[in-house]
Amino acid sequence: MSPSIVLQELQVERKRAGPALISLRGDHASAYRLWVVVVLAVIAISLVAVFLTRFRLSAIEAPGRLETSVANRGKRFFIERASRQGIPPPPKDKDRKSSIAQGDMLYGIDCSMCHGRDGRATTDMGRWMYPRAVDLTSAEAQSYSDRELFWTIKNGIRFSGMPAFGKVESDENIWNLVNFVRSLGAKPKNGG
Ligand code: HEC
């Protein structure tokens, strides 16, 4: 056989073997994928098992640092996003002082059992909730915009004890509450 014929034969052989080679590679890939799925499933089942054996339903312990930080970030993100639209403007014809005075009265009825009369969440109920009722005088709570406070009071916070007041109070009253909550931040701390 001449060298060129040998070469031709070889090429034909290669073409014939081509699909077989590809399917062999395909078999390896699917076996590998199966292993990855099995290993991930074992890890997931182990994590669930560890979680279930360590999980306690009790509200006595405060939420851990990691849980608090993840939950707070999520809360901030959703409140910021949700409050961009659909917040009615505050009533124009009302002076701030009388709005705060009305908010103060409503706060006593609606909020003080959890957040405390002075806003510092020192009541038995607020202190032992999971997560704890927030200190409304804190820099953290005061860093919300008025619109965000409005949204929170109107809609509440899911997975926490913070109720929605949208079906309980008018928009005007919610603005009164926002103004009152804002005034709590202006008060000096340590009983001053
Ligand atoms: C039954 C208890 C309860 C009542 C009543 C309640 N809250 Fe809350 N509130 C909570 C809890 C618990 C949180 C914390 C939620 C969280 O950390 O996710 C909270 C969070 C908040 C926040 C958000 C603060 C932050 O840092 O995220 C504001 C603002 C607030 N409450 C205002 C009010 C106002 C105003 C009222 C009354 C109209 C009220 N709350 C009534 C339990 C309550």
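What percentage of the 192 residues of the protein count as buried? In this predicted model, 17% of the 192 residues are buried, a residue being called buried if 20 or more other C-beta atoms, placed from the backbone, lie within 10 Å of its own. Residues are numbered from 1 along each chain as its sequence is written. Because the model is predicted, local features need pLDDT of at least 70 and side-chain atom pairs count only at pLDDT 80 or more, while totals for chains, interfaces and linings use all residues.

The secondary structure comprises eight helices and zero strands, where helices (H or I, at least four residues) and strands (E, at least two) are DSSP runs numbered from the N terminus.

The ligand is surrounded by 24 residues, the closest being Cys111, Cys114, Ser160, Gly161 and Met162; a residue is near a molecule if its C-beta atom, placed from the backbone, lies within 6 Å of it. The helices that give two or more residues to this shell are tabulated here.

| Helix | Residues |
|---|---|
| H4 | 112–115 |
| H6 | 139–142 |
| H7 | 146–155 |
| H8 | 171–186 |

The largest nonpolar core has 18 residues, and those with the most contacts inside it include Leu149, Phe150, Ile174 and Val181; such a core is a set of buried Ala, Val, Leu, Ile, Met, Phe, Trp, Tyr and Cys residues joined through C-beta atoms within 7 Å. H7 and H8 each supply at least two residues of this core, and H8 gives the most, with seven residues. Leaving aside neighbours within four places in sequence, valine 181 is in contact (C-beta atoms, placed from the backbone, within 7 Å) with Leu136 and Leu149.

Definitions and conventions. Buried ≥ 20, exposed ≤ 12 C-beta atoms within 10 Å, placed from the backbone. Contact = placed C-beta atoms within 7 Å.
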